[in-house]
Amino acid sequence: MLVLALISGSANAQENHTEIEWLSFEEAMAKNEKEPKIILIDFYTDWCGWCKKMDKATYENPAIAAYISKNFYAIKFDAEQKEAITFQGKEFTNRGPQAGRRGKGTHDLAISLLNGKMSYPTTLFLTSNMDIITPIPGFQDAKAFEPIMKFMIEGGGFDQNDWTSFMKSFQSTL
């Protein structure tokens, strides 16, 4: 057991990890204050089949997971969670189901960051300054997601013209 613990804690084991270190919102904000990075937020719900499929087909892909872990602070955000979150000096909560709605209600932070366009899964990218770069709604398999995430880091992530130029020279590693 001790040998296994020492091996799993080695630098080599950490370099080759293929799982995303999903952070809480608060953990990502704290890390971003010390070392700024682009933030990736996976908005999901526990009832969303496409969310589960994206976890398996995309986020569990070793190449995708390694790239995300190296370049982003990744947050897995249950859009129906109950816990209050303070962001940019404001407290956001889930006030529960509104009249005529089924389910658990939607968290106000998800509503705010996604500009009320609730679709699951949605991947949102924020700059290290907490400016929204873009939401990517819907399921993305690994092949479709690879250029998107790499564009955020390598291509600027901000402009449609940059995306067109980026895609002309993009070479998939999958």
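Trainee: What share of the 174 residues in the chain is buried?
Mentor: Buried residues make up 42% of them. Keep in mind that this is a predicted model.

Trainee: And the accessible surface, what does that come to?
Mentor: About 10000 Å² for the chain. Carbon and sulfur atoms hold 53% of that surface.

Trainee: New topic. How many helices and strands does the chain have?
Mentor: There are 8 helices and 7 strands.

Trainee: In what order do the strands of the open sheet come?
Mentor: The order is β1-β3-β2-β6-β7, so 5 strands take part, and the pairing is mixed. β1 (22-23) and β7 (132-137) stand at the edges. Each has a single partner strand, so one side of each is left without a neighbour in the sheet.

Trainee: Back to β1. In which sense does it pair with β3, parallel or antiparallel?
Mentor: Parallel, over 2 bridges. Strand β3 covers residues 72-78.

Trainee: Which residue in β3 does W22 stand opposite?
Mentor: That is A74.

Trainee: Which strands does helix α3 touch?
Mentor: Helix α3, residues 25-34, packs on the sheet and touches β1, β2 (38-44) and β3. The direction of α3 makes about 160° with that of β3.

Trainee: What about helix α4, which strands does it lie across?
Mentor: Helix α4, residues 49-59, lies across β1, β2, β3 and β6 (122-126). It runs at about 140° to β2.

Trainee: Last one, on contacts. What share joins residues 24 or more positions apart?
Mentor: Such pairs account for 62% of the contacts in the chain with a separation of 6 or more.

Conventions: Residues numbered from 1 in each chain as written. Predicted model: local features only at pLDDT ≥ 70, side-chain atom pairs only at ≥ 80, totals over all residues. Heavy atoms only, no water. Helix = DSSP H or I, 4+ residues; strand = E, 2+ residues; numbered from the N terminus. Buried < 20%, exposed > 50% of the residue type's maximum accessible area, 1.4 Å probe, protein only. Contact = heavy atoms within 4.5 Å. Areas by Shrake-Rupley, 256 points an atom, 1.4 Å probe, with all protein chains shown as cover. Pairing = 2+ DSSP bridges. Axes fitted to C-alpha atoms, helices over the stretch in contact; angles between N-to-C directions.
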